[in-house]
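Hi,

Here is the structure I promised to pass on to you. Have a look at it first, and my notes follow underneath.

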Amino acid sequence: MPIAIFVDFSEAADPMTARLRYSLPQFFDLQMSPYEIENQYLIHQALRNSKRSIDTLAEHLKELITWREQNCIALPELSNTNLDYYLEAQCSHTKKDGNPLSWCTINSRYMSAHRFLIWCRKRELNKEYNPDENSNLSNRTKGRYQLSKLPYKKTQEPTRFLLLQNAIDLIKELEIENSTNSKLGSRNSLMARLMLQCGLRLTEAVTFPISDLPTLNYNGHSTAARVVGKGTKARLILIPNRLLADLWSYVDTTRALLLENIKCAKDSKELFIDSKGRQVSGNWIGKVIRNSANRINLTATPHTLRHTFGTYHYLANKDIIVLSKIMGHEDPATTERFYVHLASLIIHSSNYEDFQKEIDTKCRPTQ
């Protein structure tokens, strides 16, 4: 969380900066380390704009800093895709009184971020953002804003699933999406693999307790684990040992190092955590998966991964009763309605263990 401190520059060594006749907001973190790039930008703009404009700009920059730190995105890594996520976050944000932000507020924050990133790019402080991709910004952003305000209407769509190779391509895309932050990409791909290889719902993956992560069982291909689903009902799942080993590697390295770097942070109960040591946002992961799928010309959501698991499990085993228990369906007819027809749409000649091994082999983290 950035802290704004007003600084008097009237006695600054730089004669241009010393011309400022009002105190200028400057940002610092909780350890009082300055946000040097954002502060330089404020000084640069203060020489050209009024105090009122700079105060508004400072509020917008503070909002951008807070958002990117919550999502573990460093300034040099901020891309066009990330800025789209920022826009969606602003559109879905509600004020303390429960009302959404106005279009003027959202547009002002987004345009301030856009101009700031152009300034950074010209000074080679960020090479990921390409302003040429964001043409007709006002119309584009207003379209998204209006779409976010439409009343929700549930539509009946056919259950979606992915062919095995497409599912693997999506997992790989999730891992490389954050090439400049491999830890974030690895965490996201592990969550997706848990949904793909164990049939978990998004909420089940997001809230999966680290205490329920079992010790690796070397006597077989998979290890039994407990998951709590809808209605707080527990069920048994099987986690493939290769995936389980990768999950423990994430716990012992990436997750442990993250918690170690967060001063006074309590160890989170959830397996997957964000940069602040908190539970990962399900909405955020959903957007990441959808956008990663779009980049490789697929249509997929977290639930698509669950449906893919159920479809291939039925193809390999032809056992509705067992599958219904794994998926957490009270009535086997629900399982049959979702997966028997889907299974008839694809051909899978090998057995279930080969299906799991193929995913394990092709989704192993790059060294």
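**What I found**

Of the 367 residues in the protein, 47% are buried. Please keep in mind that this is a predicted model. The fold contains 14 helices and 4 strands. Among contacts with a separation of 6 or more, 62% are between residues 24 or more positions apart. The accessible surface is about 19,400 Å² in total, and carbon and sulfur atoms hold 51% of that.

You may like the second largest pocket, which has a space of about 870 Å³. Its lining counts 33 residues, and Glu69, Cys72, Leu258, Ser275 and Lys276 are the closest to the centre. By type, the lining has 15 nonpolar, 12 charged and 6 polar residues. Helices H1 (36-46), H2 (51-70), H7 (182-198) and H9 (241-261) each give at least two residues to this lining. The largest share comes from H9, with 6 residues.

I also looked at one residue in detail, aspartate 212. It sits in the loop that runs between helix H8 (202-206) and strand E3 (222-228). Is aspartate 212 buried or exposed? Its relative accessible area is 15%, and because buried means under 20%, aspartate 212 counts as buried. Its side chain makes a polar contact of 3.2 Å with the side chain of arginine 226. Apart from neighbours within four places in sequence, aspartate 212 is in contact with Ala225 as well as Arg226.

Happy browsing, and best wishes!

Methods:
Residues are numbered from 1 along each chain as its sequence is written. This is a predicted model: local features need pLDDT of at least 70, side-chain atom pairs count only at pLDDT 80 or more; totals for chains, interfaces and linings use all residues. Side-chain values use heavy atoms; hydrogens and water are left out. Buried means under 20% relative accessible area, exposed over 50%, partly exposed in between (1.4 Å probe, protein chains only). Contact means heavy atoms within 4.5 Å. Accessible areas come from the Shrake-Rupley method with a 1.4 Å probe; for residues, only the protein chains shown count as cover. A polar contact is a pair of N or O atoms within 3.5 Å; within protein, one must be able to donate a hydrogen and the other to accept it, and residues adjacent in sequence count only if both atoms are side-chain atoms. On a 1 Å grid over the protein atoms alone, a cavity is a set of points where a 1.4 Å probe fits but cannot get out, and a pocket is an open set with protein on both sides within 12 Å along at least five of seven lines; lining residues have an atom within 4 Å of a point. Grid points are joined across faces, edges and corners, and a volume is the space filled by probe spheres set on the points. Ala, Val, Leu, Ile, Met, Phe, Trp, Tyr, Cys and Pro count as nonpolar, Asp, Glu, Lys and Arg as charged, and the others, Gly among them, as polar.
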